[in-house]
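Below are some notes on the model, as requested. They are set out as numbered points.

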Amino acid sequence: MEGEANGTVPPSCGVSEPPYSHELLHSLDLPGIFLFAILTLMALIADVVFIEEAIYIYKKIPSSKRSIIIWINAAAPVIATASCIGMWIPRSTMFTDFAAAIFFAIVIHKFLLMMIKECGGQKLLLRRFENGHFKISTGPCCCCCLCLPGVPITRQTLFLLKLGTFQFAFLRPVLMFLAIVLWTNGNYVLYNLSPKGAAIWINCFNGILTIIALWPVAIMFQQVRTVLTCKKIIPKFALYQFIVILNHLQTAIINILAMQRIIPCAPPLSSSARGSYMIQQLLIMEMFLITLLSRVVYRRRYGDLEPPEFPAEEAVESKETPKIILNGSASGGGLPRV
């Protein structure tokens with residue numbers, strides 16, 4: 001900072017591009033090397049824990065829920081691995097962030113499907129809540145609009161909720177692919193948020209799609225949290241929310257601070273590159289802890305819910321059993337006549 005006050009700015013502070021990996025590794029001191037080793041070990045342990053958990057899920061969980069739960073458990077290890085690669089190779093940050101963002105967009109859709117599966121599937125969920133209403137006055141869209149009426153729980157509204165998360169899983173990779181194409185032509189610069197650049201428009205559209213995708217998950221959670229208490233849906237939703245906050249809100253705050261030069265540069269890292277460097281290190285530690293907690297929450301085998309109550313007429317019909325009267329059995333209990 002003294003150099004900036006005297007007008008002598010290190011050359012790397014005025015460069016927007018991150019350094020090459022060999023430049024970063026040569027600049028590390030002994031504590032920096034130790035930190036790199038610890039964070040890399042954390043990412044590797046997270047991957048090993050996930051592989052062991054995936055094997056357990058594959059053996060113990062029914063096939064209808066198996067792939068969904070594996071996808072959700074993979075969110076934290078994938079983000080930790082992508083952050084570790086970005087930490088070792090700073091110039092790959094855009095690609096690693098894109099890969100983690102695309103994967104988590106699919107996880108958001110999978111989490112909604114998991115809540116439906118835990119209720120017994122779409123048919124049993126509709127039967128269980130056939131006279132209920134979805135509470136749509138919830139975050140992140142309408143948490144302040146408490147006067148909004150409830151929406152009846154029907155096949156159409158359930159389809160709209162699934163469509164709200166599916167659009168994010170589909171459109172997020174499309175936007176990421178468009179950003180990479182524009183980056184190759186020099187139109188997309190990650191840290192250039194001027195109105196003339198493509199980054200600000202793609203990021204704003206991504207933000208809108210993210211909010212739209214998070215809303216159906218919150219609506220469904222409000223509806224099923226009491227029913228799925230026995231399956232620990234509240235800790236599962238809390239872990240999912242932590243990943244959302246840390247991967248989106250925390251990243252956005254640090255990037256803004258870096259672009260405003262509040263986070264000073266540290267050669268060979270510029271302010272923006274150092275912000276990404278800090279995000280990657282924080283995410284590795286946070287996703288490592290979430291991976292361990294997810295193993296505790298998802299490792300248990302939960303029993304299936306009791307089936308919903310049937311209408312009175314169907315209950316009577318199901319209780320009726322066919323009566324078979326054998327010829328001659330009513331008279332003296334003898335054998336039936338041939």
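1. In which loop does Lys232 lie? This is a predicted model, and in it Lys232 belongs to the loop between H9 and H10. Lys232 is not a glycine, yet its phi is positive, at about 55°. The residue is partly exposed, with a relative accessible area of 35%.

2. A second residue deserves the same check of its backbone. Arg261, also not a glycine, has a positive phi of about 65°. Arg261 is placed in the loop between H10 and H11. With a relative accessibility of 52%, Arg261 counts as exposed, since the cut-off for that class is over 50%.

3. Next, the overall fold. The chain contains twelve helices and two strands. Their order along the sequence is α-α-α-α-α-α-α-β-β-α-α-α-α-α, so the two strands, in a pattern read from the N terminus, follow seven helices and precede five more.

4. On burial and surface: the chain has 338 residues, and 41% of them count as buried. The exposed area of the chain is about 19,000 Å², of which carbon and sulfur atoms supply 67%. Taking the contacts between residues at least 6 apart in sequence, 75% join residues at least 24 apart.

5. Aromatic pairs come next. The structure holds eleven of them. One is formed by Phe237 and Tyr240, whose ring centres are 5.5 Å apart and whose planes make an angle of 40°, a tilted arrangement. The pair counts as tilted because its angle is neither under 30 degrees nor over 60.

6. How are Phe237 and Tyr240 placed relative to each other in helix H10? They are three residues apart in that helix, which covers residues 233-259, and so about one helical turn separates them. Phe237 is buried at a relative accessible area of 12%, and Tyr240 is buried as well, at 5%. Both residues also belong to a cluster linked by ring pairs, together with Phe104, Phe111 and Phe221.

7. Two arginines are placed over tyrosine rings. The charged end of Arg91 sits over the ring of Tyr20, at 3.9 Å from the ring centre. Arg66 lies over the face of Tyr58, and here the distance to the ring centre is 4.6 Å.

8. Enclosed space should be listed separately from open space. Searching the whole structure gives three cavities of 30 Å³ or more. The largest cavity holds about 90 Å³ of space. It is lined by 13 residues, and those closest to its centre are Ile72, Leu239, Tyr240, Ile243 and Tyr298. Tyr240 is thus named both in this lining and in the aromatic cluster.

9. Which elements give two or more residues to the lining of the largest cavity? They are helix H4 (63-73), helix H5 (75-88), helix H6 (93-118), H10 and helix H11 (271-298). H10 gives the most, with four residues.

10. The largest pocket has a volume of about 960 Å³. Its lining is made up of 34 residues, and Asn203, His248, Thr251, Ala252 and Asn255 lie nearest its centre. Two or more lining residues come from each of H5, H6, helix H8 (155-184), helix H9 (198-224), H10 and H11. H9 supplies the largest share, eight residues. H5, H6, H10 and H11 are named for the pocket and also for the largest cavity.

11. Ala80 is a residue of helix H5. Is Ala80 buried or exposed? Its relative accessible area is 0%, so Ala80 is buried. Leaving out residues up to four places away in sequence, Ala80 touches Ala43, Ile284 and Met287. Between Ala80 and Leu39, which are 41 residues apart in sequence, the C-alpha to C-alpha distance is 9.3 Å.

12. Ser294 is located in helix H11. It counts as buried, at 8% relative accessibility. Outside its neighbours within four places in sequence, Ser294 is in contact with Asn73, Leu239 and Arg299. Of these partners, Leu239 is also among the residues closest to the centre of the largest cavity.

Key: Residues numbered from 1 in each chain as written. Predicted model: local features only at pLDDT ≥ 70, side-chain atom pairs only at ≥ 80, totals over all residues. Heavy atoms only, no water. Buried < 20%, exposed > 50% of the residue type's maximum accessible area, 1.4 Å probe, protein only. Contact = heavy atoms within 4.5 Å. Areas by Shrake-Rupley, 256 points an atom, 1.4 Å probe, with all protein chains shown as cover. Phe/Tyr/Trp six-rings, centres within 6.5 Å; stacked < 30°, edge-to-face > 60°. Lys NZ or Arg CZ within 6 Å of the ring centre and 35° of its normal. 1 Å grid on protein atoms, 1.4 Å probe; cavity = no way out; pocket = protein on both sides within 12 Å on 5 of 7 lines; lining within 4 Å. Points joined across faces, edges and corners; volume = space filled by probe spheres on them.
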